[in-house]
Amino acid sequence: MKKFKVRFFEILCIVFLVVFIFNVTQGETYSTKTIDEVESSVLEVFPTEDLKKIKKNKTKEEFSFDFDQIDSFSYYASDSIMNVNELLIIKLKPDVNSFDTEQLISERLGKKQALFEGYAPEESALLQNYVLKSDSGFIFYAVGDGAQQSLERFLSVV
Amino acid sequence: MVFSSAVFLFVFFPLTLFLYFIPSFKNKELDIKKKNFILCVASLIFYAWGEPVYIILMLISVIFNYNLGLDIDYNKDKQTKKKVLIIVGVVFNLFLLSFFKYWGFILDNINSIFSLEIEFRALPLPVGISFYTFQILSYIIDVYKGKVKAQNKLLPFACYITMFPQLIAGPIVQYSDIERQLHKRTITTEKTAEGIVIFIKGLGKKVLFANTIGAVYTEVLTHELDSLSVVSVWIGILAYTMQIYFDFSGYSDMAIGLGKMLGFEFLQNFNFPYKATSVTDFWRRWHISLSSWFRDYVYIPLGGNRKGTVRTIINLLIVWSLTGLWHGAAWNFIVWGAFYGILLILEKYVFAGILKYIPKPIKYIATMCIVMIGWVFFSSETLAVSVDYIKAMFNFGGVIIDDYAKYLLSTNIIPLILMSLSATGAFEYAFSQRKDRLSNVVRYIVYAVIFVLCILYLISETYNPFLYFRF
C-alpha cells in the first residue's frame, strides 16, 4: 500500500509538472532576430538623413535605462533640439518584462510633449503621433513622418 | 525578498524567529516538529514572495523527490529497479533545471548551428533552482548509494529543501550534513549570539562593501571600452572582483548566521579565497559547497584520478565545464569554467614541480591576476564582450593611465584597501588575537555600528543587486 501511494504521488507530480510547463510556456514568444537584422529592415522605411546613431552612455543619459535588462539596442536621434525625430529599437534580455523600459520611454516622451506644446505645432504633432510597441522581446519607439510605416515593418520582421 | 532588505530584516525574520521560539514545548520531539513546521511555512512564504508562480514548481519537486527517496529505499534490495528509479530521479531533476534555465540557450545554439528560426517563450529563471536542484540530487543519490536513509516524513524533507537561509543562494547543503539536525538540534544563547554576529558580518560585506564597490564597476562599464585606459579597465575588474566576493560570501555568511540562530550548523562556504597562492588553492576556498558537490557527485563517479592521467584530465575538463555551465546559460560561463579546468590541469601536471620554488608573493599576485581575468568572463554579457575587455586590460600600446583612472583611484583607494584587508582576513585575525572581556565589548559595539550603518545605507541607497541571485 505504501509503495502504491509513493508511486501514485510520483506519477501525479509528473502530471502536474507537465500541466505547469504547458501553462507557463503559453504567451508571447521571444524573437530570434538580432538587433542588426531588425534595424536594417526598419531603416529601409524610416528616414534618418538628419539623425545619427547614439552611443550607450548618451542613450542612458536620455532615457535612464537599466542596461542589465537590455540585450542590445539601436537609437537614432538628432543633435538639434528642434528636431524631434527619433528611432529606438531595443532587444530585451530573455527573461525581462518590457513594462519598466516602456515606462521610461513614455515618461521621457511626456516631458518632451510638454516642452513643445504651445509653441512648435509641427513638432508637437509629430510627438503626439509617436509609436511605442513591444513584441517578442523587442521594444519599438519612433517619432517622425515614417513612424507608422516603420512600425509595420518592425512587426513583420520580428 | 533578500536578506539585505528592510522587509526581511524588520518584518519577516523577527516574526519568523518569534513564532519559531514561541511557544516552546517541553516535549522535545513535539518542539522540533513545531519548529520545522514554522521554518517550512516561513520558507515557502519567503520563496513565494519573489516567485508566486514558481513556488508550485518547487512544491512539485519536493513532493516528487520525497516519494522517490522512499521508493528507492523500498527497492534497496532490487538492483535493477533501484537503478531505474535513480535514473528517473536524476533525469527529472536535471530536466527541470535544464528546461527552466537552459532551454533558451539550447534553442539559440540549435538555431545558430542549423540556421533555423525556432521561436520560444523566454521564461524567467526560477530563483534558486540551481541550488535546490543540486541539494535534491545529493539527497536521492545518497539514498541510492545507501549513504543515508530515506526521510520518511515529508515535513523534515520539505524543511531541508525549502529552508530559507540557504534556499536561494546556498551554501549547497548535502543531506548527510544536516540529517541529524532536522530531528535534533540545540539552540543556545551563545549559538544565537554567534549567529547574529555572523549575520551582521555578512550584511556588512554585502551592503557596505559589495554594493559600494559594485557601483564603481557599473560606472566603468558606462564608458566604451576603447575610450578607457589600461588602468581604468583593471580598476573596473578589480571592483568587480571585490563585489562578487563580498556579495556572495556576504550572503553565505548571512545564510550561515541565520541557520545558527535557528539551530543549524552549515558548513563554511568561503575561506578567504583572495589569500590563495594558486588556482588549486583558490578553488579550495571559493564556493566550497559547490566544488564539493561536483567532486562527490560528478568527478568521483566519473573515476576521479583513479583511471590514469588522460582520463583524469578529461574528467577535470568535464567537471569544470559543467561548473561554468551551472553558473549561467551562456558560452562565456562555460569558457570561464573550462579556463579554470585547464589551469588546474596545468598546475597539477605541468607546473607542480616549479610552483614550490616560486616565492609566495609572486604566486599570490599571479593567482589574483588569473582570478581577475576569470571574472571578466563571468561578468560579461557575451564571450565577445569578455574578449574585448581582456584585450583592453592588456592594451599596453594604448593609453596606460588617464585622468579618469586617476579619478577612480583617488576616490576608491581607501575602500579598496579596507576591502583587501577584509578579503584577506586581516580583520578576522585582529579580532581573534584578543579574547578578553573588553575586546568582546568592543567587538559587539563594532558589530552594532556595522548593523546601524547597513540599515542607514539600505534606506538611502537604491543600488542593491545580488549577483548570485541569477542562479
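Me: Accessible areas come from the Shrake-Rupley method with a 1.4 Å probe, and for residues only the protein chains shown count as cover. What area does chain B expose?

Reply: This is a predicted model: local features need pLDDT of at least 70, side-chain atom pairs count only at pLDDT 80 or more, totals for chains, interfaces and linings use all residues, and side-chain values use heavy atoms, without hydrogens and water. Residues are numbered from 1 along each chain as its sequence is written, while chains are lettered from A and ligands numbered from 1 in the order written. Carbon and sulfur atoms supply 68% of the exposed area of chain B. That area is about 21,100 Å².

Me: How many helices does chain B have?

Reply: Helices are DSSP runs of H or I, at least four residues long; strands are runs of E, at least two; both are numbered from the N terminus. Chain B has zero strands. Its helices number 20.

Me: Why is chain B called as compact as a globular protein of its length?

Reply: The radius of gyration is taken over C-alpha atoms, and the globule rule is 2.2 Å times the number of residues to the power 0.38. For 471 residues that rule gives 23 Å. Chain B counts as that compact because its own radius of gyration is close to this, at 23 Å.

Me: What share of chain B is buried?

Reply: Buried means under 20% relative accessible area, exposed over 50%, and partly exposed in between (1.4 Å probe, protein chains only). Chain B has 471 residues. The buried share is 54%.

Me: Which helix gives the largest share of the largest nonpolar core?

Reply: A nonpolar core is a set of buried Ala, Val, Leu, Ile, Met, Phe, Trp, Tyr and Cys residues joined through side-chain atoms within 4.5 Å. The largest one holds 145 residues, and F164(B) is one of those that touch the most other members. Its largest share is 18 residues, from residues 230-261 of chain B, helix α10.

Me: Is S124(A) buried or exposed?

Reply: S124(A) lies in helix α5 (residues 121-128) of chain A. Contact means heavy atoms within 4.5 Å. Leaving out residues up to four places away in sequence, S124(A) touches F116(A), E117(A) and G118(A). Its relative accessible area is 14%, so S124(A) is buried.

Me: How far apart in space are V19(A) and V96(A)?

Reply: V19(A) sits in helix α1 (residues 2-24) of chain A. It is partly exposed, at 44% relative accessibility. In sequence, V19(A) and V96(A) are 77 residues apart. C-alpha to C-alpha, the distance is 23 Å.
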